[in-house]
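Colleague: Please take me closely through one part of this model, its charged side chains. By the salt-bridge rule, what does the count come to?

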Amino acid sequence: CCMNPNDELKALSAYRFEQSLECLQSAKILAECGDYRGAANRSYYAFFHAMRSVFALDNQDFSKHSGVASNFRKDFIKSGIFEVKFSDMIKSAFYIRNNSDYDDFYVIVKADVEEQIQNAEEFCAAVRTYLEGEKVTL
């Protein structure tokens, strides 16, 4: 009949993580085509959905992107669950995405996008390990 609430949260977590992987794949495709703005946007969303997949297990979500990032840093990086290096990666992805989406004259170069995609891949791999440890079926 019904899933227990814990299983529902795990299913939501898996769904959000799948979204992060789709965004990461899109980022790679867009970068290959030379659409660096689009690639920056999609790689940022890989981070965003991956963070939200972790929060899903605690039935948490935030109304603003900045809330997702700051709470993730507070709850999962400062506490030592995820490595400190991810804090700078998240900040950088947010900064580049914001500027490339909203600043008409912001220029994003191939090297920046490639680094951001690499960072997103590394972050998603760490989140995958965490979710598997929490018994989320991916």
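Modeller: A salt bridge is a side-chain nitrogen of Lys or Arg within 4 Å of a carboxyl oxygen of Asp or Glu. By this rule, the count comes to 9 salt bridges. This is a predicted model, where local features need pLDDT of at least 70 and side-chain atom pairs count only at pLDDT 80 or more, while totals for chains, interfaces and linings use all residues. Residues are numbered from 1 along each chain as its sequence is written, and side-chain values use heavy atoms, with hydrogens and water left out.

First, the frame that carries the charges. The protein has 5 helices and 0 strands (DSSP runs numbered from the N terminus: helices are H or I, at least four residues; strands are E, at least two). From the N terminus the order is α-α-α-α-α. The C-alpha trace spans about 50 × 30 × 25 Å along its principal axes. The radius of gyration is 15 Å, which agrees with the value near 14 Å for a compact globule of 138 residues (taken over C-alpha atoms; the globule rule is 2.2 Å times the number of residues to the power 0.38). Of the 138 residues, 44% are buried (buried is under 20% relative accessible area, exposed over 50%, partly exposed in between, with a 1.4 Å probe and protein chains only). Take the contacts between residues at least 6 apart in sequence: 66% of them join residues at least 24 apart (contact means heavy atoms within 4.5 Å). The accessible surface is about 7600 Å², and 50% of that belongs to carbon and sulfur atoms (Shrake-Rupley method, 1.4 Å probe; for residues, only the protein chains shown count as cover).

Now the charges as a set. There are 16 positive and 21 negative charges, and their mean positions are 4 Å apart. Lys and Arg count as positive, Asp and Glu as negative; His and the chain ends are not counted. Each charge is placed at NZ of Lys, CZ of Arg, CG of Asp or CD of Glu.

Start with the bridge between K28 and E121. Their side chains meet at 2.5 Å, N to O. K28 lies in helix α1 and E121 in helix α5 (residues 110-133), so this pair ties together parts that are 93 residues apart in sequence. K28 is partly exposed, with 27% relative accessibility. E121 also counts as partly exposed, at 33%.

Next, K74 and D75. The closest N and O atoms of this salt bridge are 2.9 Å apart. K74 is partly exposed at 48% relative accessibility. D75 is partly exposed at 25%.

R97 and D101 form another salt bridge, at 3.5 Å from N to O. The two sit 4 residues apart in helix α4 (residues 85-102), so about one helical turn separates them. R97 is buried, with a relative accessible area of 5%, while D101 is partly exposed at 32%.

Then there is a network. Salt bridges link R16, R52 and D61. R16 belongs to helix α1 (residues 5-32). At 7% relative accessibility, R16 is buried. Leaving aside residues up to four places away in sequence, R16 touches H49, R52, S53, A56, Q60 and D61. So R16 touches both of its network partners, R52 and D61.

What is the nearest side chain of opposite charge to R73? It is D88, 7.5 Å away, and R73 is buried yet has no salt bridge. R73 sits in helix α3 (residues 65-77). Beyond residues up to four places away in sequence, R73 is in contact with K78, S87, I90 and K91.

Two backbone points close the tour. Most residues other than glycine have a negative phi. N59, not a glycine, has a positive phi of about 55 degrees. N59 lies in the loop between α2 (36-56) and α3, and is exposed, with a relative accessible area of 60%. K135 also has a positive phi, near 65 degrees. K135 is in the segment after α5 and counts as exposed at 60% relative accessibility.
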